[in-house]
Amino acid sequence: MADKDEFYKLLKMLGAKAEYQINEWIKECLNKEEIIQLFSNQSSHYSKAIKNIQEKVETLSIPFNFPTKGDVASLAKLTIQNEEKLEAIEEQINQLNELVRKLKKGSNITDKLDENETQHLTTIENFDNSNENISTNQQKSLKRIKKLNLILQNHSSSNLDSLLTALKKENTSGRK
Amino acid sequence: MEGNKEILRWKGFWSVFGGHEPPSATTPRKSIWKKNKTTLWYYPAKKKKFQTPLFLVYSLVNQPFILDLSPNISLIEAFVDEGYDVYLIDFGIPRYEDKDITLDNYIVGFIKKGVQKALTHSKAKDITVMGFCLGGTLAAIYTAIATEPIKNLILTVTPIDFSTVPAYDKWALALRNEKIDFDEFIDTIGLIPANFIEAGVRLVTAPVYFSHYLSLLNRGYEKHYVDKWILFNKWTSGHIPFPGATLKQLVNDLGKHNKLVTGELKINNQTVDLRNIKSNLLVVASDFDQLVPKEQTYPIVELASSEDKKYELLPSGHTGLTAKKGLPIYLKEWLPSRSNPI
């Protein structure tokens with residue numbers, strides 16, 4: 001039994017050696033200037049021939065009324081484009097959901113405002129403080145709504161992405 | 001007894017031609033994101049021990065089921081058993097409508113998006129990106145321009161420096177000197193058929209290939225070996241079509257101009273500079289690799305800015321690193337301390 005096992009091991013070893021030598025010989029034969037030149041010429045002819053056939057088939061597809069591979073691919077590409085658009089919408093919805101979740105959680109739309117926004121806020125606060133009929137909680141809510149409003153106004157002309165980024169930025173810095 | 005072994009040996013040998021196929025990709029998984037033909041698979045850890053999940057990127061020329069070949073011969077199963085959450089981006093099988101997919105699309109549209117999805121899904125602070133062969137090249141390109149928190153980058157048999165080639169140096173020279181041009185051919189056929197890809201890989205490695213049958217005959221009496229052989233053979237001959245637009249970029253930008261090393265490669269108009277890689281880096285290469293020689297794998301170690309980097313050269317071939325039982329020792333030693341143990 002050991003003899004037979006040895007035989008198959010030897011067969012495997014000799015086979016692998018022979019395979020290696022044959023392959024090295026083939027690689028050496030193919031790694032020559034003449035072969036490269038031949039390939040270069042042939043691939044150009046081949047490409048032109050294929051292109052020619054493709055054009056003929058495309059022309060024939062009109063009277064014979066059959067779709068070509070290109071037609072089917074165009075249709076598939078439309079589906080892929082739609083999928084990409086849907087994905088973009090889905091991402092925006094996710095971002096909005098995340099924002100709503102954070103707002104519901106009561107996280108701060110923050111006190112870190114720029115100079116312009118701070119000035120606006122001071123005006124709002126002065127107004128709030130002067131109005132004695134508004135309770136502290138109501139004042140807080142009002143302040144919060146106005147801060148949000150301020151951000152929304154500042155980004156009214158920009159797109160949804162930049163608005164979301166701004167709101168998120170405010171939200172994040174508020175958490176810190 | 002001896003007669004029995006011989007009967008089993010030949011029975012095992014002939015069984016591979018009978019269409020019997022053992023199950024593969026058996027590790028439990030679920031799809032968490034799909035785009036075109038790409039799927040992001042999630043393999044939950046059996047008992048989670050690390051906060052940093054793994055994100056696997058496989059090559060574009062073959063199918064990633066080699067990473068989960070069969071029970072007990074599966075890298076993914078080994079990761080899951082060790083306590084890692086694993087995400088695998090499976091690019092699927094391109095069809096004619098995908099012929100215009102570029103390298104930029106793969107990096108930004110699929111890998112970057114996939115990493116973002118994996119981070120959101122796992123709620124992890126950072127992630128380990130692991131690339132195999134050409135998938136490693138994509139992973140390195142992505143990491144160099146990533147804005148996501150990539151804690152570790154692991155590259156397995158990954159070609160980076162194309163100034164040296166495994167064979168056909170005169171062809172490489174002719175390509176660089178513009179004596180041959182593949183663009184017209186690639187543009188004409190659009191999607192490179194799977195058998196062209198297989199022929200290309202075979203030409204570089206072994207144009208004549210029969211030694212695997214001798215290996216089968218040598219151990220045909222072992223059922224588990226025959227099963228592994230069948231699956232492995234299915235994988236080695238299971239090449240997939242390749243989008244022409246991506247191939248053109250790889251041939252011209254990497255093969256011809258070696259732009260990944262010179263720092264001239266652009267993805268979505270963004271320069272890919274490997275010096276931007278600061279993640280912990282593990283580069284694994286094989287000493288007897290006929291497809292990706294070690295000279296192609298090493299330069300990233302010098303180019304990357306990572307403070308923590310390691311180069312591991314193993315005595316195996318191109319595919320010997322993935323289809324094994326359990327985690328390879330070099331990963332067992334390197335990865336846990338860099339994956340935020342719980």
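Among contacts in chain B between residues at least 6 apart in sequence, what percentage join residues at least 24 apart? I counted two residues as in contact if their C-beta atoms, placed from the backbone, lay within 7 Å, and I found that 81% of these contacts join residues at least 24 apart.

I note that this is a predicted model, in which local features need pLDDT of at least 70, side-chain atom pairs count only at pLDDT 80 or more, and totals for chains, interfaces and linings use all residues. Residues are numbered from 1 along each chain as its sequence is written, and chains are lettered from A and ligands numbered from 1 in the order in which they are written.

**Chain B**

I looked up the secondary structure and found 14 helices and 14 strands in chain B; helices (H or I, at least four residues) and strands (E, at least two) are DSSP runs, numbered from the N terminus. The radius of gyration of chain B, taken over C-alpha atoms, is 20 Å, close to the 20 Å from the globule rule for 342 residues, so chain B is as compact as a globular protein of that length. That rule is 2.2 Å times the number of residues to the power 0.38. I read the span of its C-alpha trace along the principal axes as about 65 × 55 × 35 Å.

**Interface**

I found 33 residues of chain A in contact with 29 residues of chain B. Helix 1 (2–30), helix 2 (33–64) and helix 3 (69–104) of chain A are the elements that each give two or more residues to the side touching chain B. Helix 1 of chain A supplies the largest share of that side, 13 residues.
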